[in-house]
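Please work through the model below with me as a tutorial on reading helix packing and chain contacts.

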Number of protein chains: 2
Amino acid sequence: MPTSTFFNLPQEKRNKLLSAIKDEFSRVPFDEVSINKIVHAAGIPRGSFYQYFTDKNDVLCYLLSDFRQEILGMARESMKKSGGDLFQLFSELLDFTLAFASQEQVNGFCRNLFADIRVNSSLYPKQPGKTAQEAAFRELSPLIDRGAYALQGEDECFLLVKILLLIYLDTVTNIFLNPQNASVIRTQYDQTLALLKRFMTKEKE
Amino acid sequence: MPTSTFFNLPQEKRNKLLSAIKDEFSRVPFDEVSINKIVHAAGIPRGSFYQYFTDKNDVLCYLLSDFRQEILGMARESMKKSGGDLFQLFSELLDFTLAFASQEQVNGFCRNLFADIRVNSSLYPKQPGKTAQEAAFRELSPLIDRGAYALQGEDECFLLVKILLLIYLDTVTNIFLNPQNASVIRTQYDQTLALLKRFMTKEKE
DNA sequence: ATTGACGTATGACAACCTGTCATATATAAT
DNA sequence: ATTATATATGACAGGTTGTCATACGTCAAT
């Protein structure tokens, strides 16, 4: 998070800096963001930047914290309206996000942010229709015991595999980041699988 | 992917380079990886590196393609043994991944890789027990209509929200990367929500 | 054996980047 | 008026990257 010095800045100066930051984050993906370019555009000396932020990451955190606030606010609204319908919430959440992101300046930022996640992980090659998920599914598909699950058609089977992949990836990531919590996270993983299994497995006749 | 020149390299030289690459990718997260350090450690001139790889990303792709192969191989095995049990597969998958990653050199690499994804996204602050997921859940939890879902206890409710969040995030990412496919991806999202809803919603009495 | 063609190797170069630090300046407090 | 504290500044050291003109080695055909 930015230092207090940053928040004490005269409005005008802070806005100019913020605008420069957003422009730069919209221009290129995160790892190509240049602090040099930011300070130049904002017309502040290089040293000042480091008075406000410790580093590029710090800036990103700040930008995202705003975004998170917006999302949460919207979520509360939706839940109130629907009387607590989770699925309704997540349906609206996507609309909201896309609407939010389609603002001129925000759009480039989002694109670069997400491009970054994906490219860095490189688990998701870019060719549409040829994602790693789809490739993996095509490999596994013929091996799946089709009779076992209460799924309607090939499509739903794909969706289930996709869900499982997401959970798997998230778990692995979590464990690497918090090795000390590995066993808790592992347990949660097993529980999640069990939960899905309970609902998706066809009753034996 | 590396150029053919790279694969034509004499074994010894290629191995030395590969080893240097793995060391460097184990040392620091992706965006701090230094091609300079790699070529120095491998004892090859700087220009040569660019003869083989176009760039850092290229190297990562190559490293990950190996990894993906291993995973896929294991998956086929598991499916054969279990007769196509998806949940069994994903349970074993995590074990396999963690075992694979606990090899000395691989471990650092994995840690850095995943750290990168997370830190860059910054949606996942580091404090254990205080992930964005958990924070979001605590916010939403009281608003959820507890009677609506066939879930057992608070824990399962949390797991469901977590799953929904993963799917949401994945969808948003996908749309930003393939805006031209937005509507297809959107449809898939809706289908996934519907699928989960069908199973998780309690029958009305 | 000479010539050319091709793939490969090389390292100097220009252009950029970052984080720090000693110094200067402003602002407030005694 | 003096001291303390907060902020501003920009030069600097040490790094990075990708390119390119040049040099090398090998193989084939004249």
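The dialogue that follows takes up the contact between chains, salt bridges and helix pairs.

Q: What conventions apply to this model?
A: The model is predicted, so local features need pLDDT of at least 70 and side-chain atom pairs count only at pLDDT 80 or more, whereas totals for chains, interfaces and linings use all residues. Residues are numbered from 1 along each chain as its sequence is written, chains are lettered from A and ligands numbered from 1 in the order in which they are written, and side-chain values use heavy atoms, with hydrogens and water left out.

Q: How many residues does each chain bring to the contact?
A: Contact means heavy atoms within 4.5 Å. Chain B contributes 92 residues and chain A contributes 92 residues.

Q: What area is buried between chain B and chain A?
A: Buried area is the accessible area (1.4 Å probe) that two parts lose on being put together, summed over both. Here the value is about 8800 Å², with 69% given by carbon and sulfur atoms. On the chain B side, B:F87, B:F90 and B:F176 lose the most area to chain A, together 10% of what that side buries.

Q: How many salt bridges are counted between chain B and chain A?
A: A salt bridge is a side-chain nitrogen of Lys or Arg within 4 Å of a carboxyl oxygen of Asp or Glu. Eight salt bridges are counted between chain B and chain A, and a search of the whole structure finds 14 over all chains. A:E139 forms one with B:R76, their closest N and O atoms being 2.2 Å apart. This pair joins two chains, because A:E139 lies in helix α8 (residues 132-140) of chain A and B:R76 in helix α5 (residues 56-82) of chain B. In another salt bridge, the side chains of A:D95 and B:R186 meet at 2.4 Å, N to O.

Q: How are α10(A) and α6(B) oriented to each other?
A: Helices (H or I, at least four residues) and strands (E, at least two) are DSSP runs, numbered from the N terminus. Axes are lines fitted to C-alpha atoms, for helices over the stretch in contact, and angles run from 0 to 180 degrees between N-to-C directions. Angles under 35 degrees count as roughly parallel, over 145 as roughly antiparallel, 65 to 115 as roughly perpendicular and the rest as oblique. The axes of helix α10 (residues 182-200) of chain A and helix α6 (residues 86-101) of chain B come within 10 Å and cross at roughly 170°. The two helices are therefore roughly antiparallel. Residues making the contact include A:Y189 and A:L193 of α10(A) and B:F87 and B:F90 of α6(B).

Q: At what angle do helix α2 and helix α3 of chain B cross?
A: The axes of helix α2 (residues 11-27) and helix α3 (residues 35-42) of chain B come within 8 Å and cross at roughly 140°, and the pair is therefore oblique. Among the residues that meet are B:L17 and B:I21 in α2(B) and B:I38 and B:A41 in α3(B).

Q: What is the angle for helix α2 and helix α3 of chain A?
A: In chain A, the axes of helix α2 (residues 11-27) and helix α3 (residues 35-42) come within 8 Å, crossing at roughly 140°. That makes α2(A) oblique to α3(A).
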